[in-house]
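Colleague: Please take me closely through one part of this model and follow it outward from there. I would like the cut-offs spelled out as you go.

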Amino acid sequence: MEYVLRPAIVFGGALVVAWIIAWAVDRALIRVDRRHPETPMWGLLRGIRVPLQAVLFVALVRGFFDSTELVRDDRESAQLWLAVIMIGASAWLAMRVLGAVVETVSARYAGVADDAARARRVRTQLTLIQRLLTAVVWVIAGAAMLLQFDAMKTFGTSMLASAGVLGIVAGIAAQSTLGNLFAGLSIAFGDMVRIGDTVIVDGEYGTVDEITVSYLVVLTWDERRITMPVSYFTSKPFENWSRGASQLTGTVYLQLDHTAPIAELRAKTEEFVRGSDYWDGRRWSLMVTDSTPTTIEVRAAMTARTPDDVWMLRCELREALLSWLQEKHPQALPKIRTAAEPTQPQPEFKSL
């Protein structure tokens, strides 16, 4: 009976104590969150309740494990595995705290920043920093777990002798990975592209949806996701429509016949642009930019507040002008002549 009672008391007591402490911490965080609504950190920290319970439970079991009188012949192995579990639970808790801090900084900056571009830049930097710190924490936790085993300690000591050679080999093998890692850091702190930016990459129009230390995801207008290595953005040119101010100038090109009424077309363009909700009220224009033996090129330019607005304004203006020309001036649309020119009848010469 005592053989069963002792473990039940230790494990049950550890579970109850861990639950009570975690519950008390959660209640305290709720009160602090109510007193400080200006920051979401205290509410986000409530996510540590489960990992905190795990850490406390394992710590209490380790402290009182000898009292259970379990596995008397192999207590060292039991303590070893409890230490491994403790390291894993501590890493879990650290990840929750790190996530809460990063979300708090991002939310606070987004709330006070007047420039949306700067807010996206900070969000991108914080996301990459969080991913790097997450990788560091788990690498340290994994190394700490392995070092709990004597065999791994011996293995690590023997490997130190050839660390230089292994470092060279690993550097050559991971050249691409390291390149992407440094490219990711360059993107985060060089401010060349940020989460939420509108970009054109390889002719694809989309929005930057995710940035990691090794790859970047572009969400296209038709809801496709293009995954590209971050090194692409540090080695090849691309268009970033959101860098700096979000205001843009859009253009619409029309190929028309030489008889097109330019003055009326300009007036119609002004009427449509001024009546559009997508126009930001800054400027517009319509000019003949080129001519060929068969057609002229007409360019309409207009400004909008965001990349999405300028895209919609371009599409609607193009459709409106073509519809108006088809209805009012169909002769102004370019034509392809398929019939031969009529020839003049040759005079007949009579012999005298």
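**A three-stranded sheet and its packing**

Modeller: Let's begin with one pair of residues: Leu-248 has Ala-304 of β8 as its bridge partner. Before going further, a word on the source: this is a predicted model, in which local features need pLDDT of at least 70 and side-chain atom pairs count only at pLDDT 80 or more, while totals for chains, interfaces and linings use all residues. Residues are numbered from 1 along each chain as its sequence is written, and side-chain values use heavy atoms, with hydrogens and water left out.

That bridge belongs to a wider pairing, since β6 and β8 run antiparallel and are joined by nine bridges. Strands here are DSSP runs of E with at least two residues, helices are runs of H or I with at least four, and both are numbered from the N terminus. Two strands count as paired if DSSP finds at least two bridges between them.

What is the strand order of the open sheet formed by these three strands? The order is β6-β8-β7, and the pairing is antiparallel. At the edges stand β6 and β7; each has a single partner strand, so one side of each is left without a neighbour in the sheet. On average, and with direction ignored, neighbouring strands of this sheet are turned by 15 degrees against each other.

Now for the helices. α10 packs on the sheet and touches β6, β7 and β8, its direction making about 155 degrees with that of β7. α11 also packs on the sheet and touches β6, β7 and β8, but here the angle is about 25 degrees, taken against the direction of β6. For these angles, axes are lines fitted to C-alpha atoms, for helices over the stretch in contact, and values run from 0 to 180 degrees between N-to-C directions. Contact means heavy atoms within 4.5 Å.

Thr-269 gives a residue-level view of this packing. Thr-269 sits in α10, which covers residues 262–275. Is Thr-269 buried or exposed? It is buried, with a relative accessible area of 1%; buried means under 20%, exposed over 50% and partly exposed in between, using a 1.4 Å probe and protein chains only. Setting aside neighbours within four places in sequence, Thr-269 is in contact with Trp-284, Leu-286, Ala-300, Leu-317 and Leu-321.

Two of these names return in the largest nonpolar core, namely Leu-286 and Leu-317. This core has 21 residues, and the members that touch the most others are Leu-256, Leu-265, Leu-286, Val-298, Met-302, Leu-317 and Leu-325. At least two residues each come from β6 (248–256), α10, β7 (279–291), β8 (296–304) and α11 (307–328). α11 gives the most to this core, with five residues. A nonpolar core, for the record, is a set of buried Ala, Val, Leu, Ile, Met, Phe, Trp, Tyr and Cys residues joined through side-chain atoms within 4.5 Å.

Val-298 is worth a look for its partners. Leaving out neighbours within four places in sequence, Val-298 is in contact with Val-252, Tyr-253, Leu-254, Leu-256, Ile-262, Leu-265, Leu-286, Met-287 and Val-288. Apart from the largest core lies another one, of 13 residues, including Val-199, Val-201, Val-218 and Met-228.

Val-201 leads us to another sheet. Val-201 stands opposite Glu-204 in β2, and β1 (residues 198–201) pairs with β2 (residues 204–211) in the antiparallel sense over four bridges. The two form a hairpin with two residues between them, and Asp-202 in the turn has a positive phi of about 55 degrees. The next hairpin joins β2 to β3 through three residues, and Thr-207 has Leu-219 of β3 as its bridge partner.

Finally, confidence: pLDDT is the predictor's confidence in each residue, from 0 to 100. The protein chain has a mean pLDDT of 78, with 75% of its residues at 70 or more. Residues 159–166 stay under 50, and the model has one contact for them beyond four places in sequence. Residues 168–175 are also below 50, again with one contact beyond near neighbours in sequence. Where pLDDT is low, the predicted coordinates should not be read in detail.
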